[in-house]
Amino acid sequence: HDLSERHRSMRAVLAQSWAHFGSEERSVLKRLSVFRGRFGQEAAEQVAEASLDSLVSLVDRSLLQFDGVGRYHLHELLRQYCAETLADDRSLEESTREQHSAYYCQWLSQQEEALNRGSQRTALNAIALDLSNILDACRWAAAHGRSDWLGRGIIALGLFFQQIGDIESGVRFLTILCEAFLATSEQTQDVPADANHQLFHVRLLLQLGRLKSEQTHVVE
């Protein structure tokens, strides 16, 4: 009821079109809705089980946009509609978000070495391109206690914010992660924390402390 007349009309068109999509198209579109912004073919395959043929078919039908350099994205209104249909299937939504988080957390962990060596600029650009998805993935992992997924990715994330000079955003986001991680830990306090869990907590606090120290130097 709080949508504009134009948006209500567009949603009605989407609802009508949805009924004519094939089951595979609906399945892929629903799972692609977990992406924020643009994403690559590998990510689509790993997260949404979308084959290249299905991606090409969706592009041909103007249901998916392709930028010509390997990146796809859904129109935001279509993404929102698909996200709502995904939410109707709680099991599929949870498994898709889990796959999304696992994929980007693992990818982020692989960037730490590059950020500390000669491929720094390439790694910074790559992280910047997928930052919205990376942050979503890290939030999900922290909220679900998946310290094993975050692994060394938290170091890469701290280095990213430090090296691009956006200390404030880094402190803000790592604080959110820390709060989510601690809240999850409190819910499972009767379960002994494993070594990965403890190591991630130390890494998170170290990265947050490093950025806060940088922030203090900037203020001074």
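Start by selecting Phe39 and Tyr72. Phe39 stands opposite Tyr72, a residue of strand S3. Keep in mind that this is a predicted model.

**The sheet**

Now select residues 71-73, which form strand S3. Add strand S1, residues 39-40. S1 and S3 run antiparallel, and 2 bridges join them. Next, colour the whole sheet. The sheet is open and has 3 strands, in the order S1-S3-S2. The pairing is antiparallel. Look at the edges: these are strand S1 and strand S2, the latter at residues 65-66. Each edge strand pairs on one side only.

**Glu93 on helix H6**

Move to residues 90-109, which make up helix H6. Select Glu93 within helix H6. Is Glu93 buried or exposed? Its relative accessible area is 16%, under the 20% cut-off, so Glu93 counts as buried. Show its neighbours. Leaving out residues up to four places away in sequence, Glu93 touches Leu86 and Ala87. Then add Arg31 and draw a distance between C-alpha atoms. Glu93 and Arg31 lie 62 residues apart along the chain, and their C-alpha atoms are separated by 7.5 Å.

**The nonpolar core**

Last stop: the largest nonpolar core, with 62 residues. Which residues have the most contacts inside this core? Select Leu32, Leu157 and Leu174 to see them. Centre the view on Leu157. Which residues does Leu157 touch, not counting those up to four places away in sequence? Show Leu108, Ile134, Leu135 and Cys138, then add Phe173 and Leu174. Leu174 thus appears twice on this stop: as a contact of Leu157, and among the core residues with the most contacts.

Definitions and conventions: Residues numbered from 1 in each chain as written. Predicted model: local features only at pLDDT ≥ 70, side-chain atom pairs only at ≥ 80, totals over all residues. Heavy atoms only, no water. Core = buried A, V, L, I, M, F, W, Y, C linked by side-chain atoms within 4.5 Å. Buried < 20%, exposed > 50% of the residue type's maximum accessible area, 1.4 Å probe, protein only. Contact = heavy atoms within 4.5 Å. Helix = DSSP H or I, 4+ residues; strand = E, 2+ residues; numbered from the N terminus. Pairing = 2+ DSSP bridges.
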